[in-house]
Each structure stands twice: as C-alpha cells, then as structure tokens.
Amino acid sequence: MSLEPNFEHLRARAVESLFQHLADACVGLIVVDRDARIAWIGDRYLELLGYSGNPEDALGRPVEEVIPNSQMRHVVESGQTMLLDLMDIKERTIVVTRLPLRDEDGTLIGAIGFALFDRADRLRPLMSKYQKLQEELTRARQELAQERRAKYSLSQMIGNSDSMREVKRLARRAAQLDSTVLLLGETGTGKELLAHGIHAASPRANAPFVGVNVAAIPENLLESELFGVAPGAYTGADRKMREGKFQLADGGTLFLDEIGDMPLPLQAKLLRVLQEREFEAVGSNKVVRVDLRVIAATSRDLDALVRERQFRADLYYRLNVVPITLPPLRDRTEDIGSIADRILDELAFTTAAPSRELTAGAIAVLEDYDWPGNVRELRNVLERVSAMTDDTVLTADHIRGALPRAAGPAGSGERLAEGGDRPLSDVLKDTERAAIVGALSRTGGVKAKAAKLLGISRASLYERMQALGIKEDTQGTV
Ligand SMILES: Nc1ncnc2c1ncn2[C@@H]1O[C@H](COP(=O)(O)OP(=O)(O)OP(=O)(O)O)[C@@H](O)[C@H]1O
C-alpha cells in the first residue's frame with residue numbers, strides 16, 4: 001500500500017491553501033529584490049499606505065520611498081527572518097512577518113513581507129500592552145528631556161557689581177558662539193549656575209544639559225560613565241549598550257565639573273572627543289559621533305596642574321577657548337546684600353516659612369566676612385539662621401551667631417585663648433574639629449570639596465572625621 005500519491009496531493013493543497021489563506025488574511029504583501037527595491041506590492045497594501053500614485057510606478061523604487069519605516073532592507077542585508085514584528089502605519093499598528101527569499105543554490109535574492117491586521121484579534125491584548133508601553137516610554141522620554149533641560153537661566157545669576165556684569169556679558173557672548181567654555185573660580189562662586197545659564201541662552205537650549213562631577217565619580221568608573229559601555233564589555237556589564245554622558249548630551253551641552261580632577265589616562269580620550277567629536281564606548285571599537293558643546297569648570301589652578309604635569313597642556317588649550325573667571329564673593333561685597341535677599345526669598349518659598357529681611361547691620365556683618373566657601377557658604381549661613389530663629393527681621397547678632405566660629409577672622413584666636421586652662425591636645429582637637437565642620441559647612445557637606453579647602457586628601461578627611469567623632473552626614477552644624 002503506497003501513501004505517496006496522497007502525500008503529494010496533501011503537499012500541493014497545503015501550498016495552495018497557504019497562499020490562499022495568506023492572500024485572505026494579508027492586508028499587505030510585498031516582495032523586494034536583493035537591493036530592497038520593490039519587485040511586487042499588493043494593491044491593498046498601497047491603499048493602506050495611502051499611496052495615491054499609479055501602482056506600476058511603485059515597482060523598482062527603494063522600499064523606504066513607499067513604506068518609510070520598512071525593515072525589508074534589514075532582512076535582505078542580514079538574511080534573517082523577522083517572524084513577528086509590529087509596524088505603525090498611519091494610526092494603526094499592524095503585525096508583520098518578513099522572510100528572506102533564496103535561490104535554489106541558497107543565494108539570497110530578495111525578501112517577502114506580509115502585513116496582517118484583520119486576523120490579528122488574538123494579538124490584540126499583546127498589542128494594547130505594546131501600545132501602553134509605547135505611550136509610557138514616550139511620556140518617560142518627555143519627562144527625561146524636561147529634566148535634562150537647564151534648570152537655571154542667566155537672570156538667576158544675581159549681582160550688579162562690575163565684575164559680575166562682565167561675567168554675564170561674556171556668558172551671553174559664549175552662549176551664541178558654540179565654542180568650548182572654561183569656567184574658573186573658587187568653590188561656590190556659581191560656576192555650575194553659570195553653565196546652566198549659558199546653555200539656556202544658547203541655540204542648544206531645547207536639547208539636553210547633562211552635568212558630570214568628575215571628582216565625585218571613582219576613577220575606575222569614570223570612563224564608562226562618560227563614554228558608555230558596549231554590551232558584555234566586561235563580566236557583569238549589561239547585555240544592552242549603556243550610553244555614556246557624551247551620548248546623553250548629544251545635541252546639547254555637556255558640563256564637566258571639576259575637570260582638574262580628570263585622571264591623566266582619560267584626559268587623552270577627552271582631548272580626542274574635543275578635537276574630532278568622536279569616541280568609542282568601553283569594550284567597543286565602533287566609533288560614535290556626537291555633536292555637542294562642552295562647558296568645563298574647575299576651582300583648581302589649571303596652570304599649576306599643567307606645570308606639575310598632572311594636566312595635559314594640549315587639553316588645557318583645547319578647553320581654554322572661552323575662559324570665564326567667576327570672582328570670589330569677598331571681591332564683590334556690593335553683591336552680597338542682593339544675593340542674600342534672593343536666597344532668603346527662595347528659602348521662604350521652599351520651606352513655606354515667613355519671608356525674612358536683613359537689617360543694615362546684618363548686611364554689614366555679611367560684607368565683613370571673607371566667605372571662603374562663597375555663595376554656597378552664604379546660603380548655608382542663611383539656612384542656619386533661619387533654622388535658629390523665628391524672627392522675621394535678621395540682625396547682626398543673628399548673623400554672627402551663625403557664622404562658623406573657627407573660620408571667622410577673629411574666631412580662631414578666641415578659640416585658642418579659651419583653651420588656656422585645658423590640655424593642649426584637647427584644644428588642638430577642638431580646633432581641628434571646628435576647621436573640618438567649618439569646611440563641611442562651606443561646601444554644603446560635599447567632602448571632596450571640604451578636603452580641598454582644608455588641603456588634605458579625601459581619605460584623610462574621612463579618617464579625621466572618624467577620629468573626631470564627626471558624623472558622615474555633617475553639613476556644618478556643630
Ligand atoms: N550670583 C549668584 N546668584 C544667586 N545664587 C548664586 C550665585 N552664584 C552662586 N549661587 C548659588 O550658590 C550655590 C553654589 O553655586 P554653584 O554650585 O554654581 O558653584 P560652583 O562654583 O559650581 O561650586 P563648586 O566649584 O564647588 O562646584 C548654588 O546654590 C547657586 O545657585
């Protein structure tokens with residue numbers, strides 16, 4: 001008994017009905033050649049695409065001219081099947097299947113694609129989930145873009161002194177120039193605020209502003225943080241590409257804070273990005289091109305770092321295209337009153353506390369102090385006064401009571417005099433404690449910066465804090 005004739009019949013019927021089914025279920029059928037040019041396309045598909053020309057004219061044209069988001073080229077280039085994919089055409093999402101077509105000898109000669117939706121009922125739950133995810137993704141992307149916009153504009157930079165007016169003039173010019181900007185100045189003088197302001201006043205204002213504090217990221221993580229990591233670059237690396245800050249800032253501005261702390265090996269890579277606008281992610285040899293503006297800042301003496309060979313001279317010249325130096329607060333005492341008023345308004349607004357004002361005597365005390373931590377320290381002192389009293393009029397005494405004792409011009413002398421009847425070791429410990437707490441106060445608790453102010457390493461600061469019983473989260477309140 002031979003079953004073979006039946007088999008053949010079955011196979012012939014199967015092929016025939018498969019095509020019949022496909023023709024019935026498909027809203028779109030397309031065949032492209034090896035170069036992704038349309039060899040055949042169904043009328044229903046053209047109708048669905050809203051194609052108004054003569055169907056004959058579609059033949060021979062690159063597929064993307066007729067279906068802009070088509071993936072058929074990918075199939076002919078990769079030779080891979082795409083069994084199930086979703087594609088948006090006008091308002092609808094349709095299910096598509098794409099298969100490579102091969103000659104008898106296996107040579108790839110083109111691809112065939114089917115688009116279905118009228119039989120896709122069973123896929124509806126999947127599709128609605130997909131659409132929901134798609135909407136969430138769009139929303140998250142919008143929020144992220146909003147978040148990455150510059151938070152501050154140049155108008156938030158308070159100060160009418162000649163030096164601040166000059167800073168703002170230079171910043172406005174730099175905003176229009178699109179060149180690399182180098183912001184110099186002591187800690188807390190407003191370099192980050194100015195970087196936001198330059199971005200916000202530049203033609204890149206609607207693109208992202210991405211900031212990186214070079215000193216705050218451990219050296220071994222900095223390269224991947226800046227340039228991204230290729231999938232599987234090292235054990236434990238993500239399976240997907242992780243983008244670095246350079247890619248996230250593409251189109252916008254990358255703010256490299258504390259650039260003086262950039263490790264030497266990475267300086268070479270940064271120089272190349274500045275020169276050629278291209279780099280490779282960690283563990284990848286694929287060149288990534290970016291179009292962005294770099295604003296760098298440092299409170300360190302870059303000239304001295306170059307002399308000590310800790311900073312590459314060629315990188316320094318590349319960064320120093322438009323240098324802007326922010327003057328320390330003690331050199332623009334006339335700005336102190338208006339900056340303090342603005343800070344008090346902000347504090348009242350954010351804490352819903354009553355607004356406070358400063359007497360002339362209070363302003364005189366503020367103007368008399370030398371502000372090693374600049375505007376950041378001024379903010380900390382005003383926050384401390386606000387926490388200490390409910391009075392709405394702040395006097396000279398209020399201010400004196402909030403200024404760091406060991407750091408005031410007369411402070412250290414008083415402390416030492418007090419120590420006359422105590423063991424020297426206690427006096428020294430107290431002085432050391434006061435200096436550390438004072439530095440933490442001026443830097444808003446940022447230890448890397450406090451260590452810099454004190455002229456010691458971050459590790460020694462941690463060690464001294466532990467020895468003296470200063471808590472990790474100290475922001476300067478003794
Ligand atoms: N001219 C100004 N007007 C109002 N607020 C200011 C001004 N300058 C600085 N500030 C405020 O002072 C604080 C410190 O400023 P910012 O962080 O920009 O300083 P920085 O120079 O970048 O400091 P660092 O070198 O320590 O990173 C911020 O809260 C900032 O908003």
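**Sheet, ligand shell and helix crossings in a predicted model**

Five strands, in the order β2-β1-β5-β4-β3, form an open sheet with antiparallel pairing, where two strands are taken to pair if DSSP finds at least two bridges between them, and where strands (E, at least two residues) and helices (H or I, at least four) are DSSP runs numbered from the N terminus. The edges of this sheet are the strands β2 (38–41) and β3 (82–89), each of which pairs on one side only. From one strand to the next the twist averages 25°. The model is a predicted one, in which local features need pLDDT of at least 70 and side-chain atom pairs count only at pLDDT 80 or more, while totals for chains, interfaces and linings use all residues. Residues are numbered from 1 along each chain as its sequence is written.

Strand β3 runs antiparallel to β4 (residues 92–102), and six bridges join the two. Within this pairing, M82 has R98 of β4 as its bridge partner, and D85 is partnered by V96 of β4. The hairpin of β3 and β4 has two residues between the strands, and in this hairpin K90 takes a positive phi near 50°.

The ligand is surrounded by 19 residues, of which T187, G190, K191, E192 and V375 come nearest; a residue is near a molecule if its C-beta atom, placed from the backbone, lies within 6 Å of it. The elements that contribute two or more residues to this shell are α8 (191–200), α14 (336–351) and α16 (374–388). By class, the shell comprises five nonpolar, seven polar and seven charged residues, with Ala, Val, Leu, Ile, Met, Phe, Trp, Tyr, Cys and Pro counted as nonpolar, Asp, Glu, Lys and Arg as charged, and the others, Gly among them, as polar. Domain 2 (154–327) and domain 3 (332–468) each supply at least three residues to the shell, the domain bounds coming from an automatic or database domain assignment.

Helix α14 also takes part in a helix crossing, for its axis and that of α15 (residues 360–368) come within 10 Å and cross at roughly 110°, axes being lines fitted to C-alpha atoms, for helices over the stretch in contact, with angles running from 0 to 180 degrees between N-to-C directions. Helix α14 is therefore roughly perpendicular to α15, a term that covers angles of 65 to 115 degrees. The axes of α19 (residues 424–442) and α21 (residues 458–468) come within 11 Å and cross at roughly 125°, which makes α19 oblique to α21, oblique being the class for angles that are not roughly perpendicular, roughly parallel (under 35 degrees) or roughly antiparallel (over 145).
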